[in-house]
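Hi,

Here is the structure I promised to send over. Have a look at it first, then read my notes underneath.

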Amino acid sequence: MDHFTVEQWADFVRQVTAPDVSARMQRHLDSGCRDCARSLSTMKKVAELAGREATYEPESGILRIVKTLFAASQPATSADQVREILPLVFDSFAQPAMAGVRTAIATSRQLLYRKGGCCIDIRIEHVPGSKEAILVGQVLDSGQQGRDAASILVELMSGDKVIASTATTSYGEFQFLFPAERQLELCFGISSQNIFWIKIPPLENIPESGMVITD
């Protein structure tokens, strides 16, 4: 008794076999061939599994981060090598105290960076002596026409070392809990051709929560 191949049974299950061949294969099955019946059963299971694959969808947050990381990993052109540093336009520690007041409550440091249409707001909290610091930020405007502030790759850098990375939410928000190190920077991958950098002030300049003497 001649048997049909696994490939032929796969075509049979997908109903792409010629009508005359399908008829011969069906008669072969009806004759009681167990080997071909097992091959047919296996191909049916494979087809069922392949049909369910389209319904599998990763979590939206994971998919967003993966897409962002993939986009940022594309080869950069020579123009991309220029580090565009966003200037600091507001520092809560640089604000004078109210007239007649020598003390103020300081629980964190608020920083605002802006250049052109790009605007980034961050808050840093760090207790002196602590091994970790908290950074919470928001991209208020990506600075790129047609691009909102969602799914932007954000990397926390110490020199050439990436300490941590994440992607902005649909509201442009991001946060890090990271080891306290000096000379920290944030790198924002708006696109493979549009990358912004931010220099973070030394963490030792951030006092612990409490009263701060001001002149």
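Below is what turned up, starting with the aromatic residues and moving on to a sheet.

One thing to keep in mind is that this is a predicted model.

Aromatics first. Searching the whole structure gives four aromatic pairs. In one of them, the ring centres of Phe4 and Trp9 are 5.8 Å apart with the planes at 75°, so that pair is edge-to-face. Another joins Trp9 to Phe12: here the centres are 5.3 Å apart and the planes sit at 80°, so this pair is edge-to-face as well. Put together, Phe4, Trp9 and Phe12 make up one aromatic cluster.

Where do Trp9 and Phe12 sit along the chain? Both are in helix 1 (residues 6-13), and because they are three residues apart there, about one helical turn separates them.

As for burial, Phe4 and Trp9 are both buried. Trp9 has a relative accessibility of 0%. Phe12 comes out at 17%, and it counts as buried because the cut-off is under 20%.

Now the sheet. It is an open one built from five strands, ordered 1-11-10-7-8, with mixed pairing. At the edges are strand 1 (84-85) and strand 8 (161-167), each of which pairs on one side only. Further in, strand 7 (residues 153-158) runs antiparallel to strand 10 (residues 184-189), and six bridges link the two. If you want a spot to zoom in on, try Leu156, which stands opposite Leu186 of strand 10.

Cheers

Technical notes: Residues numbered from 1 in each chain as written. Predicted model: local features only at pLDDT ≥ 70, side-chain atom pairs only at ≥ 80, totals over all residues. Heavy atoms only, no water. Phe/Tyr/Trp six-rings, centres within 6.5 Å; stacked < 30°, edge-to-face > 60°. Buried < 20%, exposed > 50% of the residue type's maximum accessible area, 1.4 Å probe, protein only. Helix = DSSP H or I, 4+ residues; strand = E, 2+ residues; numbered from the N terminus. Pairing = 2+ DSSP bridges.
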